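Work through the following exercises with the sequence and the three-dimensional structure open beside you. Try each task before you read its solution.

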Amino acid sequence: MAERSFVKEVEKLRLGAGEEFSGEGILAITKALLQCGVGYVGGYQGAPISHLMDVLADAQEILGELGVHFEASASEATATAMLAASVHYPIRGAATFKSTVGTNVASDALANLASGGVTGGALIIVGEDYGEGSSIMQERSHAFAMKSQVWLLDPRPNLPSIVKAVEDGFELSEVSNTPVMLLVRIRSCHVHGQFVTKDNKRPAMTVAEALDAPRRDTNRIVLPPASFNHEKEKIAKRWPAAVDFIRSRKINEFFGPDEAKVGIVLQGGMYNAVIRALQRMGLADNYGETEVPLYVLNAVYPLVDDEFLRFCEGKDSVLVIEEGQPNYIEQAFGNMLHKAGRGTRIVGKEFLPMAGEYTGQVMFDGISAFLRDGAPHILPVQIRAPNKIDNADEISDLAAIVPGRPPGFCTGCPERPIFAATKLVEQELGQHHIASDIGCHLFSIMPPFELGATTMGYGLGPASASAFNSPDAKRRSISFVGDGGFWHNGLTSSIGNAVFNKNDGVIVIVDNFYSAATGGQDILSSRASNRSKSTKHPITEAVKGMGVKWVRHIERTYDVNKMRDTLREALTTEETGPKVIVASSECMLNRQRREKPLVAKAIKDGERIVKPKFGVDEDICTGDHACMRLSGCPSLSVKSLDDPLRDDPVAHIDQSCVGCGNCGEVADAAVLCPSFYRADVVHNPGRWDRFMETMRRRLIGFMQNRRESRRLTFADI
Amino acid sequence: MVALSSTKAAVPQDDSIIKLAVLAVGGQGGGVLADWITDVAERNGYLAQSTSVAGVAQRTGATIYYVEMCHDAGRRPVFALSPAQGDVDILIAAELMEAGRAIMRGFVTPDRTTLIASSHRIAAVSEKIEPGDGRASSEKVRATAGNASKRFIAFDMEKVAADAGSMISASLFGALAGSGALPFPRESYEETISTSGRGVKASLAAFAGGYEGARGHARDVGAKAEPSGATPVSRSVRGPDRLMRDWQALRARVEVYPETVRDMAGRGLQKVVDYQDIAYGREYLDRLDKAVALDSAAHEYALAVAGAKHLANAMCYDDMIRVSDLKTRSTRDARVRREVEVKNGTILQVTEYFHPRIEEFCGTMPARLGHYIESRPKLAGFLDRRINRGRRIRTDSFTGFAALWFIGGLRRWRRGLLRHKVEMEHLERWYRLALDHVSADYALAVEILNCRRLIKGYSDTHVRAQSKFDRVLSGLDLVKGRDDASDWIRRLREAALKDEKGTMLDGALKTVASLR
């Protein structure tokens, strides 16, 4: 079950011709796919296109009605390889994943797909996780398009443009027999907007029809001599076809006056930010009417030489706005001008930063610097010589105060106790080399745990520790991998590799029943029943099947003692070969979402329900915060006491506590103070409960009264 | 052509674009708020666009939601997808430090930004893990926010929401409505909430609280600060007549102290009597008398006040008896019931987490016996293997309660137990050390007393605390005789409270060593 349900929203996918769709970018893309008569869709979740996968999963009924096959692929490589269905058959297919991490994983399949080419339109929708808030390394998808010679669309970030790009993308792919990548940036995926819909189309050929009438063509297979022909075909046939299509269909757009001394070329995705910058300079209005000519590249690869050269005609200088580096587009344009012997000056990274997101301020600064340089007369005086408010001092004061707030484990997260146990075991056995992986568990690298030295890729945690395998070493390496990464790639690349190479390290598989970091999608080892997927395949069985002899399964990660003891055993046992610990407990975010309504209903229906919550006895807590250095739980925080005798704030557990048990277990395992208590509230107690309660309260009340009547008692506030 | 941003009014007129950013901590419901704002704009005939960066950033990290809106003039404007510096009309911060972050990032400017911030704090991990008080200064952020924004509306919207049984998104929405920063009537906001589905009643109550708060705030800017000053001491004392008479006698001794000392001494006295008995209170005052005698009004009785505070804390060391006593009191039971909101018809079960070790066991033995065991490692190890494990004790059950009640009852023999002997020796050494310095360097003596703050925690943490205490005082010989000796000890102490292992302290000690 995914974090967000689109069950209600997917009804919008049924909208017919001429109706208005209103909603998120992701949903608009899904609708566009259906309008294009897509035959099959696959992908792998990850921000910002997780929701696209969730939408598709929730839309299976509608997809089924149209004869569209949907698959939650095992990895991005799988998703891209799936597009092989469009090689011989005139079926439109789409795959979607996060870029560039997904594109990296997919690139083997992408290269093969691009080489042989496609018959049916093949569209790869990449969710570009670049810039502020991104969780991955910062690279460009552009390079993948260039090296595999597939076309890259980067539409203006509004719903009609994105929807049009999906339609254009399929046609472009078919016209040029080349897969097409459609790049959508993180905010356009989540942008809320409107567009006018068309009727959904059934695929021209369904996968069922293709299966019943198989086709093959040796010339489309990547093997010499066909592969040599593919390379030539890309240049001789497919490229010109693509350029013709882009030119004749006017995929790229021109705005503003025809005549001007300066102009701006930009990636489609930059359009809104460019317009806003021009608006702020008084050179554009709210609706995009601009005084500076713009050449908007909705197709950023391949580029259309004559379109660009025509734009440069009569212009002294042209600014290229291209986010990220290297600046491939700017280089290509420079080359075009040079070859054409034109005098127009091409500038870009002189005025804009070489690296980093082009935020509103960056865009404003860059464009105004360019215009000050090339066309100062068109700028209003406030921009040419601005009066800057200088409050740098106050801001720098704040920088020293405002604490950083990186993402971390959620309240009640079952991964927290795993790292608390790791920290405790390191207190005993010393520091170890720890290799991390991609997933929520990577938050272990942050305070308070500060565990983990590297992260090399999804499912590659144990693989990235594989060099640390030496008979001379006294310590073993520890590596982590999540269940998501395990099934994505880890089983073979990490576990299989460790078995084969007789790696002696410790591998911890963090099993939280979902692909949790991407929004709680089901995976093979999920414990839930899934209507359309096969789940409940234990990780331990897979690991044993791979040949691991030393396997321990912890079914409740909150048992910090057991977790620590198992880690200690793994680190010290005489046994050779990989030591695998599977630490399982359900993702608390998903568990709460699942259980909360059920519990509320059960209480309402009069069932006996025990609800746990933790608390701290503030007069026992001494305020040393040792518990927080082993937790970092959002619900466990500090609180000032109304008591001048106490200098430091004490621990406090707020209402958001879900009673996971970590506080108590850690206090026990680390021998912390006894100030934690668990308060279980029994709702709808039975007759026996009530009888025992009455007896106990009477007896305990008597004892309390007896002691308190013989001493001085000071009333609580 | 559009007007330049600097000439815009607070509520942009006609077809200009209103830019609104929400800075929240993941899990606060910022997404819901952004959806509501979009909805209320569209409800009022505006075109609106909202964006966010979902994904891992939502897991408790700082998050930004961004909404742009514009009066519908029949054409779709080009909306930007992220806020720009100096170009935000309304900024909503769902927590005070997020307001600070917004200012740092340039999203709040005095020429145009209405800053609506909840004044409550959610401590970041970095603030929580310091052994001392690592919390950031709210005051500085509030002061800067006032100057940095055109209008600053701040109150505890988290509390408003909690009181209404709702989420902060609802009270923030109310504050936005109440601020009048958007040209929409209150009813349209309420319609948005009403049509959103779940928890409507609670959300509307929180909305109303936020609305009123923002309204009231216009008259009362920045008045509401964190609660300061403590409640007066000795609210009420109960007990047998004999004890009450003794108590009054002790109180009378406090009353003759200088005015400045009285409050702290009264609190300290109450704490030690509550901890042990009347005689213990007498001991406390006897000790305190020494500091008072050495003190003077010229020094504002800093020594005596520090003594009153830290003597009480030192005398009320945490042992098994203390913990058991506190956990079996009726007042504690009442507090837990209040905190977890136990309602009629439900039953409360309370589990305590103990992990006794041989050290605690010996500490609760008569001094000689405890010492005997401790000096025989084999025997101690044998016993430790039987004692040292986690024990979950149900204090709502009779057996669990009785066990703790019994241990709490050992109080009357406490003076003869090993732990008491050790603690009192330590206390006397420290207290004498401080008083010995009074004549030569008064300020240094006060700082030595204040070092008691370092001693806290249980087991390993306690051991580390003791070691920090010793290391700080080891700096004493190095700085003694300097004019700024007391400053150095204070700095060492503050360094010791910065991290767990005392790395900062070691660095500071090196600096001190280099002074010579």
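## Exercise 1: A pair inside chain A

Both A:Asp129 and A:Lys98 are buried, where buried means under 20% relative accessible area, exposed over 50% and partly exposed in between, with a 1.4 Å probe and protein chains only. The model is predicted, so local features need pLDDT of at least 70 and side-chain atom pairs count only at pLDDT 80 or more, while totals for chains, interfaces and linings use all residues. Residues are numbered from 1 along each chain as its sequence is written, chains are lettered from A and ligands numbered from 1 in the order in which they are written, and side-chain values use heavy atoms, with hydrogens and water left out.

Task: Find how the side chains of A:Asp129 and A:Lys98 meet, and where in chain A the two residues lie.

Solution. Begin with the side chains, which meet in a salt bridge with an N to O distance of 2.7 Å; a salt bridge is a side-chain nitrogen of Lys or Arg within 4 Å of a carboxyl oxygen of Asp or Glu. Next, place the partners: A:Asp129 is in the loop between strand S5 (122-128) and helix H7 (142-148), whereas A:Lys98 is in strand S4 (residues 93-99), so that the pair, 31 residues apart, links distant parts of the chain. Helices (H or I, at least four residues) and strands (E, at least two) are DSSP runs, numbered from the N terminus. Finally, set the pair against the total, for a search of the whole structure finds 98 salt bridges over all chains.

## Exercise 2: The sheet in chain A

Task: Work out in what order the strands of the open six-stranded sheet of chain A follow one another, and which strands stand at its edges.

Solution. First, read the order, which is S16-S15-S17-S18-S20-S19, with parallel pairing; two strands pair if DSSP finds at least two bridges between them. Second, look at the edges, where strand S16 (454-455) and strand S19 (550-554) each have a single partner strand, so one side of each is left without a neighbour in the sheet. Third, take one pair from within the sheet: S17 (residues 478-482) and S18 (residues 506-511) of chain A pair in the parallel sense over five bridges, and A:Ile478 stands opposite A:Val506 in S18(A).

## Exercise 3: The surroundings of A:Thr540

Task: Decide whether A:Thr540 is buried or exposed, and find which residues it is in contact with when its neighbours within four places in sequence are left aside.

Solution. Start from the position of A:Thr540, which lies in helix H20 (residues 539-545) of chain A. Because its relative accessible area is 11%, A:Thr540 is buried. With those sequence neighbours left aside, A:Thr540 is in contact with A:Val551, A:His553 and A:Val582, contact meaning heavy atoms within 4.5 Å. For a comparison of sequence and space, A:Thr540 and A:Arg552 are 12 residues apart in sequence and 8.1 Å apart in space, C-alpha to C-alpha.

## Exercise 4: Where the two chains meet

Task: Describe the contact between chain A and chain B, stating how many residues each chain gives and what area is buried.

Solution. The contact takes 128 residues from chain A and 147 residues from chain B. The area buried between them is about 12200 Å², of which carbon and sulfur atoms give 55%; buried area is the accessible area (1.4 Å probe) that two parts lose on being put together, summed over both.

Now turn to the charged pairs, for the rule finds 20 salt bridges across this interface. The largest share of the side of chain A that touches chain B, 12 residues, comes from helix H24 (residues 687-708) of chain A.

As a first example, B:Arg105 forms a salt bridge with A:Glu132, the closest N and O atoms being 2.3 Å apart. As a second, B:Asp396 and A:Arg696 form a salt bridge whose closest N and O atoms are 3.8 Å apart. Here B:Asp396 lies in the loop between strand S9 (391-394) and helix H18 (398-409) of chain B and A:Arg696 in helix H24 of chain A, so the pair joins two chains. B:Asp396 counts as buried because its relative accessibility is 11%, whereas A:Arg696, with a relative accessible area of 21%, is partly exposed.

Last, examine the strands: S25 (residues 713-714) of chain A and S7 (residues 237-238) of chain B pair in the antiparallel sense over two bridges, and A:Phe714 stands opposite B:Val237 in S7(B).
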